[in-house]
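Student: I would like a close look at a single part of this protein, the empty space inside it, and I would be glad of one connected explanation.

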Amino acid sequence: MNLLISRYTEVRRHTTGLVQPLSPEDCTAQSMPDASPAKWHLAHTTWFFETFVLEAHEPGFAPFAPAFRVLFNSYYNGVGARHPRAQRGLITRPSLAEVLAYRADVDARMLHLLSTPGQDAALCALVELGLQHEQQHQELLVTDIQHLLSSNPMHPAYRSPQSVAADAEAAPPLVWHAFAGGLTEIGHVGDSFAFDNESPRHTVYLHPYALASRLVTNAEFAAFVDDGGYRNPAHWLAEGWDWRVAHGLEAPLYWQRVGAGWHQFSLAGLGPLRHGQPVVHLSYFEADAYARWAGARLPTEAEWEHATALLASGTAGRGPRTDALHPSAARGVGLEQLFGEAWQWTQSSYAPYPGFRAAEGAVGEYNGKFMVNQYVLRGSSCATPAGHARASYRNFFPATARWQFSGVRLARDA
């Protein structure tokens, strides 16, 4: 239990640390329906522990503020009414100070509960789920604030340029790694934490395939742009082409023409595009179009997990957190950048594994009900909290989502 208390304290402290560079105004604004204000992230992750842990396990439970049950419910229909997602930026009350007081109150009650002897394994598992949920929101908080700051014509930085990775202008050559395929198993294995959508472990058949040694770089994607890739429907899925035309897209999110060259808005503000870094903030449609233009394709999620397990022992392997908050260039020609740089689109639709069953109750709404009209991304990004990723992790977003650190690893038939 002491380890769980220490982990709870560390995760919660990291979330509040992420908002330290922000003003109260930064924390309240919402730049688009898919992004949430930082203040809402702070409150919702606290709401999770109050609603699912304290309400069920704290003697004499009383809510910190009854109205918060509606204000900070995200999508749990089993809990009750919800404030509309697209209107979270209108929640000017409670103030940021009140939300931080809410966090402090719930933290004190949680630590008291976890320090009480006799807590069972089910409670510990629920707390761990809440911590993993909060780590997901830590990444969303960072990507949401990047989108918000990008809307400001002053191009403000979240952090100083010195804290954002500066890479060489060139990346190592792309090398193909071939795999024989055949019958293999994918899905979570072992007693460590995993979300329900990573199970059950099951057998799949893979045709022989090859994966690129590294992620597609800014320079490589710029060649696609300069070759008219955004204006040639031959590279695009029909729905993707209609979406691109409707939104007038000509380049990845956060790219801007400055003079004769490309600049990119990052968490360090606006600066010249670094050619050797992985291209990020791509939708599935853009990633798929680039792969077609390059004479390749996107990997399936089974291919990605199979190759990762063979060449990287299935571990995240990124090492300690750097807080660079932008992807770094590859260094070699092995199977690089699997974790800690950019989420990698796969061509796999987000669907349940054979035998999947959602848990009972509101917590069961966590993943299963989203298994439609979304694609799986694998790996993790520079904004993913250290220790949160694993080979079986299944991230998922709609095909049009661009504001995450999402990039491309090419695949082809061997």
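Student: Which residues line the largest cavity?

Tutor: Please keep in mind that this is a predicted model. Rolling a probe the size of a water molecule over the atoms shows where empty space is left. When the whole structure is searched in this way, 2 cavities of 30 Å³ or more are found, and the largest cavity has a volume of about 50 Å³. The lining of the largest cavity is made up of A29, Q30, S31, A35, S36, P37 and A38, together with L141, D144, I145 and L148. Helix α6, which covers residues 121-150, supplies the largest share of this lining, with 4 residues. Sorted by class, the lining of the largest cavity holds 7 nonpolar, 3 polar and 1 charged residues.

The open spaces can be read in a similar manner. The largest pocket has a volume of about 940 Å³, and of the 39 residues that line this pocket, Y75, R85, L140, F396 and F397 lie nearest its centre. The elements that contribute two or more residues to the pocket lining are α3 (38-57), α6 and β10 (395-397), and among the contributors α6 gives the most, with 7 residues. By class, the lining of the largest pocket divides into 15 nonpolar, 16 polar and 8 charged residues.

For the packed parts of the protein, turn to the largest nonpolar core, which has 93 residues, and in which M110, V127, F221 and W255 touch the most other members. Apart from that core lies another, of 15 residues, which include I186, Y209, Y353 and A389.

Methods
Residues numbered from 1 in each chain as written. Predicted model: local features only at pLDDT ≥ 70, side-chain atom pairs only at ≥ 80, totals over all residues. Heavy atoms only, no water. Core = buried A, V, L, I, M, F, W, Y, C linked by side-chain atoms within 4.5 Å. Buried < 20%, exposed > 50% of the residue type's maximum accessible area, 1.4 Å probe, protein only. 1 Å grid on protein atoms, 1.4 Å probe; cavity = no way out; pocket = protein on both sides within 12 Å on 5 of 7 lines; lining within 4 Å. Points joined across faces, edges and corners; volume = space filled by probe spheres on them. Nonpolar A, V, L, I, M, F, W, Y, C, P; charged D, E, K, R; others polar.
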